[in-house]
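Trainee: I have a new model open on my screen and would like to learn how to read it. Could you walk me through it?
Mentor: Happily; let us look at it together.

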Amino acid sequence: MKIMTRRVILAHYSDAYEMAIMSRDYIEYGLGWSWTPGRIVKHIRDQDNVVIKFLRNNQMLGFAVMHFDMDLAHLNLLAVKPEFRKQGIGRELMNWLHVSAVTAGIETILLEVRSSNRIARSFYNRLGYKGFQTISGYYGGKETAVRMRKTLIKQSIRNNMPNIIFPWEKWQGS
């Protein structure tokens with residue numbers, strides 16, 4: 001019996017080339033190549049970014065890049081190799097990022113997705129993201145983006161402390 005190991009870990013500089021190729025082929029197709037190996041390395045080095053990868057038996061099947069600000073995070077990239085989609089890899093990467101964001105005190109995560117990519121939009125909707133803005137020509141002047149967001153902090157605090165009234169809530173007592 002072969003044991004399959006799967007894990008999400010931080011990326012290393014040596015992963016940048018494979019991630020860049022995945023971005024070019026699965027995310028940036030038809031737009032030109034902006035997430036080059038050098039750009040990915042810059043994000044790996046930058047302490048305000050998290051670059052993670054999903055491994056199964058030491059093979060990278062997916063990755064994500066997220067930038068963190070004071071109370072806001074921005075998902076820059078999420079890619080899963082096509083032959084491994086619909087196996088929970090994207091969800092696992094996003095869950096790792098959500099936990100990291102909550103731990104860092106982040107209130108909101110933003111992302112952009114091609115308006116024509118209904119599969120990705122549906123995926124993010126299932127994770128609790130809501131579209132709130134369209135941006136014409138966002139992708140190289142060629143394609144419209146849908147900006148989506150998910151609020152994290154208040155929801156997670158509320159779920160863990162149901163008997164406390166927080167400042168952002170109105171007391172409903174008699």
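Trainee: What pattern does the protein follow when read along the sequence?
Mentor: Reading along the sequence, you meet β-α-α-β-β-β-α-β-α-β-β-α. That gives five helices and seven strands. Keep in mind that this is a predicted model.

Trainee: How much of the protein counts as buried?
Mentor: Of its 174 residues, 40% count as buried. The accessible surface comes to about 10,400 Å², and carbon and sulfur atoms account for 52% of that surface. As for contacts between residues at least 6 apart in sequence, 59% of them join residues at least 24 apart.

Trainee: Now for empty space. How much space lies in the largest pocket?
Mentor: The general idea comes first: a probe the size of a water molecule, rolled over the atoms, shows where empty space is left. In this model, the largest pocket holds about 1,100 Å³ of space.

Trainee: Which residues lie nearest the centre of that pocket?
Mentor: Look for Ile27, Leu78, Asn117, Ala120 and Tyr124, which lie nearest the centre among the 37 lining residues. By class, the lining has 20 nonpolar, nine polar and eight charged residues.

Trainee: Which element gives the most to the lining?
Mentor: That is S4, with seven residues. Strand S4 spans 72-80, and other elements that each supply at least two lining residues include helix H1 (16-27), helix H3 (89-103) and helix H4 (118-126). Strands S5 (108-114) and S6 (130-139) also each supply at least two.

Trainee: I see a lysine in the loop between S4 and H3, Lys81. Is Lys81 buried or exposed?
Mentor: Lys81 counts as buried because its relative accessibility is 12%, and the cut-off for buried is under 20%.

Trainee: Which residues is Lys81 in contact with, leaving aside its neighbours within four places in sequence?
Mentor: Lys81 is in contact with Glu18, Met22 and Tyr26, and also with Gln59, Met60 and Leu61.

Trainee: Last, the strands. How many bridges join S6 to strand S7?
Mentor: In general, side chains in a regular strand alternate between the two faces of the sheet. Here, S6 and S7 (residues 143-151) run antiparallel and are joined by six bridges. To follow the pairing, find Gln133, which stands opposite Arg147 in S7.

Trainee: Which residue takes a positive phi in the hairpin of S6 and S7?
Mentor: That is Gly140, with a phi near 60 degrees. The hairpin has three residues between its strands.

Conventions: Residues are numbered from 1 along each chain as its sequence is written. This is a predicted model: local features need pLDDT of at least 70, side-chain atom pairs count only at pLDDT 80 or more; totals for chains, interfaces and linings use all residues. Side-chain values use heavy atoms; hydrogens and water are left out. On a 1 Å grid over the protein atoms alone, a cavity is a set of points where a 1.4 Å probe fits but cannot get out, and a pocket is an open set with protein on both sides within 12 Å along at least five of seven lines; lining residues have an atom within 4 Å of a point. Grid points are joined across faces, edges and corners, and a volume is the space filled by probe spheres set on the points. Helices (H or I, at least four residues) and strands (E, at least two) are DSSP runs, numbered from the N terminus. Ala, Val, Leu, Ile, Met, Phe, Trp, Tyr, Cys and Pro count as nonpolar, Asp, Glu, Lys and Arg as charged, and the others, Gly among them, as polar. Buried means under 20% relative accessible area, exposed over 50%, partly exposed in between (1.4 Å probe, protein chains only). Contact means heavy atoms within 4.5 Å. Accessible areas come from the Shrake-Rupley method with a 1.4 Å probe; for residues, only the protein chains shown count as cover. Two strands pair if DSSP finds at least two bridges between them.
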